[in-house]
Amino acid sequence: MEKLKPQNKYTLVKSERFFKNKTLVTIYNKRNTPVQKKFIPFDYKGIRYRLNVETGELGYYDFKLCKYSLDCSVRRTRILLGMLLEMNDFDYFCTFTFDTRKIKRNNDEEVYSKFQNYCNYLHKKFPNLTYVIVPERHKVKLNFDNEEYKFAIEFDDATKGILHFHMLLSLNGHTEKELGFALTKKVCCSWATKKNGIADIDYYNRTKDKHTLSATDGLPIYNITNFTLGFTTASKIANKEACKSYIKKYISKCLGMSTTKFKRRFWYSQNLAVPEIVKTEIGSGFDFAKDLQHTNDIDLINALRQAKATDDSVFECYNKDYNVLQYWFGSDKYSEFEYNRKRGLIPTNELTPFDKKIGEKF
């Protein structure tokens, strides 16, 4: 029997995400019909198998498949976190660590429950607060040469250190006094590496003339007294962009696994600002996904640069693994570009996907 050819399976979509000061344009292929999964997870006696829905056979997930799936999941997490950090500014960088004398801090479920209660308390008593929280485990040194074994270790949270939490916090009208911020005798000190960049103010004053000071050096360290189950530090954010980049590195593969209590890699308050997203179909009726590496958008970007319609805030990126084309515009430049392009003031050699009518084939 002759195999039927796929019909009109894909639509080309342009997504525009409008942030505060810039716009992210994404071109990607969208499936018109959902993918029928051939395999689904199946748990049996505490072991996760790969179930073939057509034959009913059980198999194992191999290393490469697990690693690819995990990489995709981490990538989606970082995209979401990046959007929230791009849209919101924060006042303080806080760290929460539980005291083993007050809680079994090696018990993930108990740690999660107690910290969730604390977040609920903040939400009810200080409703205007906005925050992003990223959990992290204390580092445990592992010296194994086998890469697959290293990766397998990441699945087993029991081999990792205890959990603590980093929070980016914006007061939004509430005061430090209301939140229980108490000034300590410590300050940020970039050369006090053995003490996580924190030193006594006396030590800092004695040694600061011997070092080149960074933007954070000398900022006071606070304790958050309304957190009663452990230890806290809070410091004013001096460099917001550097702080946002710093918090992204805490997104870890060992958190957020389906077999652990922490199925999310970070938490955030529901009152955070989010970017406006506008999606437009710029082509449809494709039997196969378009190869976006060779679309006219590459020529479009080059033409924009030649016409001096962009500045250094614009860059393009083609992701060959996901067949996605992305580039940034400064918000003012993007509005100006769209206006001038439609009026024909920006030269391009041929039509771009932006000019194709819906339903018209490339």
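β11 and β12 make a hairpin, with 5 residues sitting between the two strands. Strands and helices here are DSSP runs numbered from the N terminus (E, at least two residues, for strands; H or I, at least four, for helices). β11 (residues 220–224) and β12 pair in the antiparallel sense over 2 bridges, and two strands count as paired if DSSP finds at least two bridges between them. Within this hairpin, Tyr222 has Ala234 of β12 as its bridge partner. All of this comes from a predicted model, in which local features need pLDDT of at least 70, side-chain atom pairs count only at pLDDT 80 or more, and totals for chains, interfaces and linings use all residues. Residues are numbered from 1 along each chain as its sequence is written, and side-chain values use heavy atoms, with hydrogens and water left out.

The hairpin belongs to an open sheet of 8 strands, ordered β10-β9-β11-β12-β6-β8-β7-β13 with antiparallel pairing. At its edges sit β10 (198–200) and β13 (267–268), each pairing on one side only. β12 (residues 230–236) also pairs with β6 (residues 92–98), antiparallel and over 7 bridges; there, Thr97 is matched with Phe231 of β12. Over at β13, the partner is β7 (residues 130–137), joined through 2 bridges in the antiparallel sense, and Ile133 stands opposite Trp267.

The largest pocket comes in at about 1,200 Å³. A pocket is an open set of points on a 1 Å grid over the protein atoms alone, where a 1.4 Å probe fits and protein lies on both sides within 12 Å along at least five of seven lines; lining residues have an atom within 4 Å of a point. The volume is the space filled by probe spheres set on the points, which are joined across faces, edges and corners. Of the 37 lining residues, Phe93, Thr95, Asn196, Ile198 and Thr233 are the closest to the pocket's centre. Elements giving two or more residues to the lining are β6, β8 (163–170), β9 (181–188), β11, β12 and α5 (240–248). β12 gives the most, with 6 residues.

A second open sheet has 3 strands in the order β3-β4-β5, again with antiparallel pairing. β3 (39–44) and β5 each have a single partner strand, so one side of each is left without a neighbour in the sheet. β3 and β4 (residues 47–52) are joined by 6 bridges, with Phe42 opposite Tyr49.

As for salt bridges (a side-chain nitrogen of Lys or Arg within 4 Å of a carboxyl oxygen of Asp or Glu), a search of the whole structure turns up 7. One of them joins Asp89 and Lys20, at 3.1 Å from N to O. Asp89 lies in the loop between α1 (63–87) and β6, and Lys20 in the loop between β1 (10–18) and β2 (22–31), so this pair ties together parts that are 69 residues apart in sequence. Lys20 and Asp89 are also linked with Lys244 in a network of salt bridges. Another pair is Glu86 and Lys22, whose closest N and O atoms are 3.8 Å apart; Glu86 is in helix α1 and Lys22 in strand β2, so parts 64 residues apart in sequence are tied together. Glu16 and Lys14 form a salt bridge too, at 3.8 Å between the closest N and O atoms, and both residues are buried, meaning under 20% relative accessible area (exposed is over 50%, partly exposed in between; 1.4 Å probe, protein chains only).
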